Amino acid sequence: MRRNANRRRAYTVSHSIFQVRDLLRCFRHSSCSYIDFYGCVLKLCNSIHRHRICFCSDHRFSVSLLLEVFSRRNGLTSRLTCLPLVGKMFDWGRASSLWPVHIATGCCSPEEMALVSPRYDVERFGVLPLPALRQCDLLIVLGLVTHKMAKRVKLIYEQMPDPKYVMAVGACAISGGLFWDSYNVIKGIDRILPVDVYVPGCPARPEAFIQGIRLLQEKIKRGPSK
Amino acid sequence: MSFEAEAMIIKEIEARFHGAVIEAKVQRKRRIAIEAGKEWMRDIAKYLKERFDFAIVVSVSAIDLVQERQFAIVYHLWSPSHRNLTALRTKVPKDSARAISLTPLFESANWHEREAHELYGIEFDGHPDLGRLLLPEDWNGGFPFRKDFKLAE
Amino acid sequence: MSTIRLNWGPQHPITGHLRFILDIDGDIVVRATPDIGYTHRGIEKLAENRNYVQIIPLVERICNVDSFNVSLGYVSAVEDILGIEPPIRARFIRVIMAELNRIMSHLYWLAIFGVAAGLFTLIMWPIADRELFIDLAEMVTGSRVTYTYFTPGGVYTDLPEEFSERTLKTLDYFEKRLKDYETIFLHNKLYQMRTVDVGILSFNDALKFGVAGPSLRGSGAKIDVRQDEPYAAYDAVEFEVPVEASGDSYARAKIRFSEMKQSVSIVRQALKQLPSGPIRVKMPSVVLEGEAYTRVESGRGELGCYLVSNGRTQPERLKLSTPSFRNVSALAYMLRGVKVADVPIIYHSMDIWPLDADR
Amino acid sequence: MDYFDLLVKVAVFPGMAFITMYAYFVIWLERKLLARVMLRIGPLHVGRVAGVLQVMADFIKLLGKELIIPYRADRFLFISLPVVAVGVASLPLAAIPFDEYWVIFRSEFSLLYVFAAVSLAPIISLLTGWASNNKYSFIGGLRAAYQLLGYEVPVFLSLASVAILSSSLDLMQIVRSQSNLWFVFLTPMGFIIFLISSLAELERSPFDIPEAEQEIVAGWMTEYTGISFGLFYLANYIRLCIVSLLVTSLFLGGWFGPAFLPPMIWFLLKSGSIACLIILIRGAYPRVRMDQLLRICWRFLIPLAIANLAITAIAAALITGKPFMVW
């Protein structure tokens, strides 16, 4: 697990859609705070908004943003939203209800199936797989990502609503793994996405998955790093 | 162990396509290898299909022969009734890699030939659709399965 | 009226690693184009840079729900080239592990096929029972899904002592569960409504498109590599090859159920006959020049492994002709003119594992 | 009418607060029960006991999530529909009697009112599908509209038999007339038809065609994010609660029951068990196809419902001696 997902690393993939990612990278939940009630909410949202328009949305707002706008208009200097308790509550909610998006990119997908199955039953921790990515907040990259898939993974990540988390599962997603010298496999998903948790294994065992999810939950509960 | 059934097939093929068949031999039980000129491929395949019920193309493999500067294209045909697998092999030069497609004859060769086209750059004359199959849409790195395509070190 | 184009996948609840481009007119699919290649790793090319033993884990990754069978195909090709023959005990162990893997693979199929019609109970039960077989495999090999257990010349280690007893226990339990599955799946009226006469693939079409495995046998063709050219120790065990004539999704489902029963019986027979003796012969240090094409019946169908050696430590060419690659090419034809709601059913009745198709 | 009384009723007990709590409970129950059917445990670690706080965590998370409005979507509809959906879903509550006293609004024609409100739901789905500017949503909305054609007629036909039996369209009167014998015993066929078609009305398995996950992702909810999705989610379960309450009032004798428990408890127990039944059906049956649903409804349910209605009418006329006596 990496404490700070903001990892400035030059990636070699040169697809046009990937370029946007660089601009967005600093707006991650953990590196910067646009949704976490620590000021500067409006500014960051606006700058994201400019870049997002080409994908899916022409406007975005969240409840925290509304609170912010409301308190500024009424001269409340957003004291309400700065309450640590409110932030803690939201962190707890996010940590306890991670809904992974359904995307299978590589060979770890049978292990993900085992993860939701009776023996490992990850719903105990509040992880509920949902069909539509608009409602999800955890992108589990299951194993290798090819160049063809990378564009889609990228797009999926962009279309997910904030705050969102990325979990890289398996040796291939971490570093290319067994296919390190392949011409079509991206050597580590962190070249295109900011990764929160790395789960090793080839393929990763469900126990490792669960450990990864627990680590991610701890990370979310600690709140944003400043 | 004798291979009577296999020898019979080879004998008929050699008799029928005398001169076209470069080499025909029994490799082991239920395995025949026939090598022929590329312009004869469709005729031999047609004969095999109609005479011996070689109905399915189970695999089409191209091989990059570096020394000979040629591609070998190997069609593996399976005959359900004779329980026999024939490797029908031909060679095309690397510079003008064109072969005659067997897809009009065997629908099952369709995607295999597309794959060979994509990964080796072999053109198949008479193939209905040699569109992109496995590689990314915007791939322009050449033909990855050729021997001169170097992988990362 | 114009058609609507739907892109199903790669992020879609049913498609897994591939994409369908569906042109639909109302509720009818006018044209369906499967788009594969999302997991194309170039394993065959990578194999040209590895030595013969290093390739085994690579090959297993093409279909890691069925990795015993896949590696068996590759390993026997190497054995053919080297001209070695595994000892008799190793061959029986191979049969046992391959059949256990077939059950796992079919259970995985059942889970996905069950959920294709929207019943989530049926995703959980088979996966839970699959875990028992994974336990057996883990006991022998120490790994959950990718084993690297078969080596050229035999198997890597001997079976543990309690393996036979525990396998028999698992099989007893599994036979009971199989009856449950038949109740909630095969005899479920709603499932029959969804699958009978859906996605019919006639005998001639199946041969024409080169469909493989249970999907082919669901169309009435009695083609099974285990019977056509017995490898490992399949000539020493008795089993039937189930065939259904109707060629619809229900027939393909029924085939897989019968195959699971056959696999149980094969494992029992093989355990009974399991001889003692060495498990491995030594690999010769020199690789001969030559080529071999071996076929194995994996859970998804016939898998062909074409291996060309030029005498060096790395193969000249490895070509894997995978069942999913053959089956997915028939989908464009099968999905034409069906209802949108039937697309998941037909797609998963073919048991296509896109990793297998892309390689 | 005491206005304070009315306020309490609307806001707290049979009204919004209660139904939200009830829906919360049903969501939790569904996750636990389905998990048991699937041999799992379900939510466990969130909240001290049996994951009771799981749903709350979900909603808090959804509250903090970004809302995305798709490009070229109908913004006004897109934003307002989730709220409208919750409102429309809880409308029927106004006329459902929980007790002789606990009912928000009494009317001679409350049955008609309730079902007018219940059949508004597919309109919301249709509008949502249209407003999202997404193909899957649009198909989902259209499917919801088609589905309406299937189940609406059997619902009303089976209700007519209830109305005949109680000679009233007043829900209170309908419940009162079951004080001795529940209608489920008098018209079992009507009960079954109503239950099946209300499954279709709720868009629940095996008739969850408008939100068929394997075909059209999440149907008309595909584009919704954050709390607007949460509101739809809530609205769906409010509808489930309403249907379970309605089934209890119409067929299971409302609050009547042996005296060792208070009437209100009986009412909630009965409706809770109907909710359980609806949930368990989801764990046992796959989804049918659209044409199959319409075939089931038109070839099977509607003739049965008409026969049931005729038999009930004739029997009621014979027993009471008043031909065609209703209202």
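This report walks through chain A, its contact with chain D, and one helix pair inside chain D. Keep in mind that the model is predicted.

**Chain A overall**

Chain A has 8 helices and 4 strands. Going along the sequence, the order is α-α-β-α-α-α-β-α-β-α-β-α. The chain is 226 residues long, and 55% of them are buried. If you take the contacts in chain A with a separation of 6 or more, 74% are between residues 24 or more positions apart.

**Strand 2 and its surroundings**

Strand 2 of chain A is a good place to zoom in. This strand covers residues 138-142, and 5 of its 5 residues are buried, so the rest of the structure largely encloses it. Both faces are covered: one side carries A:Leu138, A:Ile140 and A:Leu142, the other A:Leu139 and A:Val141, and all of these are buried.

Which strand does it pair with? Strand 2 of chain A is joined by 5 bridges to strand 3 of chain A (residues 165-169), and the two run parallel. Within that pairing, A:Leu138 sits opposite A:Tyr165 of strand 3. Add helix 6 of chain A (residues 147-159) and you get a right-handed β-α-β unit, made of strand 2, helix 6 and strand 3.

**Where chain A meets chain D**

On to the contact between the two chains: chain A puts in 30 residues and chain D puts in 34 residues. On the chain A side, strand 1 (57-61), helix 3 (63-73) and helix 4 (84-96) each supply at least two residues. Helix 4 of chain A gives the largest share of that side, with 6 residues. Sorted by class, the chain A side has 12 nonpolar, 9 polar and 9 charged residues.

**A helix pair in chain D**

Inside chain D, helix 3 (residues 54-63) packs against helix 12 (residues 226-251), with the axes 7 Å apart and an angle of about 140 degrees. That angle is why helix 3 of chain D counts as oblique to helix 12 of chain D. From helix 3 of chain D come D:Phe59, D:Leu62 and D:Leu63, which meet D:Gly226, D:Ile227, D:Phe229 and D:Gly230 of helix 12 of chain D.

Here are the class counts for the two contacts, put together:

| Contact | Nonpolar | Polar | Charged |
|---|---|---|---|
| Side of chain A that touches chain D | 12 residues | 9 residues | 9 residues |
| Helix 3 of chain D with helix 12 of chain D | 5 residues | 2 residues | no residues |

Conventions:
Residues numbered from 1 in each chain as written. Chains lettered and ligands numbered in written order. Predicted model: local features only at pLDDT ≥ 70, side-chain atom pairs only at ≥ 80, totals over all residues. Buried ≥ 20, exposed ≤ 12 C-beta atoms within 10 Å, placed from the backbone. Contact = placed C-beta atoms within 7 Å. Nonpolar A, V, L, I, M, F, W, Y, C, P; charged D, E, K, R; others polar. Pairing = 2+ DSSP bridges. Right-handed = clockwise from strand over helix to strand, strands pointing away. Axes fitted to C-alpha atoms, helices over the stretch in contact; angles between N-to-C directions. Parallel < 35°, antiparallel > 145°, perpendicular 65-115°, else oblique.
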